[in-house]
Amino acid sequence: MQYVWFIWSLIILALWAVIFFSKKGNRKEMLKMSLITMPFGLTEPLFVPEYWMPPSLFHLAERTGFDIESLIFSFAIGGIGTVLYNLIFKKGYIDMPHTERSHQRHKLHIYILFVPAIVFVIFSLFTTLNHIYCGIIAMFFGGLATLYCRPDLKGKIWVGGILFTILYFIYFGSILPFYPQYVELYWNLDNLTHILVLGIPIEELMFAFTFGMYWSGLYEHIYWRKLIQTEIIIPLKD
């Protein structure tokens, strides 16, 4: 099972590549957000072995807590989480007018972007929660903070969370038929709820929902973009 995590990370990267090369209109957004997300893979020592201990390339996770796979995984989900909603509902972007940027709710724009980091640090330092729960709570509050600043993204934030959870469920489940004991062997279930959904730890699905919820609206929030319908409907002639 030494290469399962590596193979898993390549599967999600392959999906990223399919979307990137087949959907030209989303390339810039995907690449920007993937590069922003990728460094979060360096937080892996917070979760190893507290949350899990996967065998990794060159035994890096076992020896250092870091691994190459987490960087690949983070890169891929950052881009996918950003555009998944857009692809399904055929949405594009326009710049937010300066008249809207001056609205009172945007006065806290910069501070709201840091809400997840602040919440994560607070829960990590002042509670005994496993870091996976700190991350889930942080992203959930980040999504709510984005909703306050960008109520126009309400649909994308909530539906984006659901869509990414469905995708992640399929993705996670793709490896379990071949390695049915992988979760039992490498997740620290004694530190978690022990709740499995068709073999998938509930924490993974909670992560997927809150990540999809927060990340689906992050590009628009950072870069002052608005969603528009790109599908053109031509009325039928009589």
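**Notebook: salt bridges, overall form and surface**

I looked first at the pair E220 and K156, and I found both residues buried. Their side chains meet in a salt bridge, 2.5 Å from N to O. E220 lies in helix α12 and K156 in helix α9 (residues 154-173), so this pair ties together parts that are 64 residues apart in sequence. I note here that the model is a predicted one.

**Other salt bridges**

I searched the whole structure and obtained 4 salt bridges. One of them joins K226 to E100, with the closest N and O atoms 3.1 Å apart. I traced this pair to distant parts of the chain: K226 is in strand β4 (residues 225-229) and E100 is in helix α5 (residues 98-101), 126 residues apart. For E100 I recorded 32% relative accessibility, so this residue counts as partly exposed.

I then turned to R150, which forms a salt bridge with D152; the closest N and O atoms are 2.8 Å apart. Which of the two classes, buried or partly exposed, applies to D152? D152 has a relative accessible area of 42% and is therefore partly exposed. R150, by contrast, is buried because its relative accessibility is 1%.

**H221 and its surroundings**

I placed H221 in helix α12, which spans residues 218-223. H221 counts as buried because its relative accessibility is 2%. What does H221 touch, when residues up to four places away in sequence are not counted? I listed H109, I112, L113, T146, C149 and R150. Of these contacts I looked up C149, which is buried, with a relative accessible area of 1%.

**Cysteines**

I also checked C134, and its relative accessibility of 0% makes it buried. My search for disulfides gave a count of 0.

**Overall form**

I counted 12 helices and 4 strands in the protein. The radius of gyration is 19 Å, close to the 18 Å that the globule rule gives for 238 residues, so the protein is as compact as a globular protein of that length. Taken along the principal axes, the C-alpha atoms fill a box of roughly 60 × 45 × 30 Å. I found that buried residues make up 46% of the 238 residues. Among contacts with a separation of 6 or more, 78% are between residues 24 or more positions apart. The protein exposes about 12,400 Å², and carbon and sulfur atoms supply 70% of that area.

**A nonpolar patch**

On the surface I located a nonpolar patch of about 1,100 Å², made by L108, I110, Y111, F114, I118, V121, I122, L125, F126 and Y148. Which helices each supply at least two residues of the patch? I identified α6 (109-113) and α7 (115-126). The largest share, 5 residues, comes from α7. I took V121 as an example, since this patch member sits in helix α7. V121 has 44% relative accessibility and so counts as partly exposed.

**F6**

Lastly I examined F6, in helix α1 (residues 4-22). F6 counts as partly exposed because its relative accessibility is 23%. Leaving aside neighbours within four places in sequence, I found F6 in contact with L57, E69 and I72. I also compared the positions of F6 and V119: the two are 113 residues apart in sequence, and their C-alpha atoms are 30 Å apart in space.

Conventions. Residues numbered from 1 in each chain as written. Predicted model: local features only at pLDDT ≥ 70, side-chain atom pairs only at ≥ 80, totals over all residues. Heavy atoms only, no water. Patch = residues over 30% accessible without salt bridge, like charges linked within 9 Å, V, L, I, M, F, W, Y side chains within 5 Å. Areas by Shrake-Rupley, 256 points an atom, 1.4 Å probe, with all protein chains shown as cover. Buried < 20%, exposed > 50% of the residue type's maximum accessible area, 1.4 Å probe, protein only. Disulfide = S-S within 2.5 Å. Rg over C-alpha atoms; globule rule 2.2 N^0.38 Å. Contact = heavy atoms within 4.5 Å.
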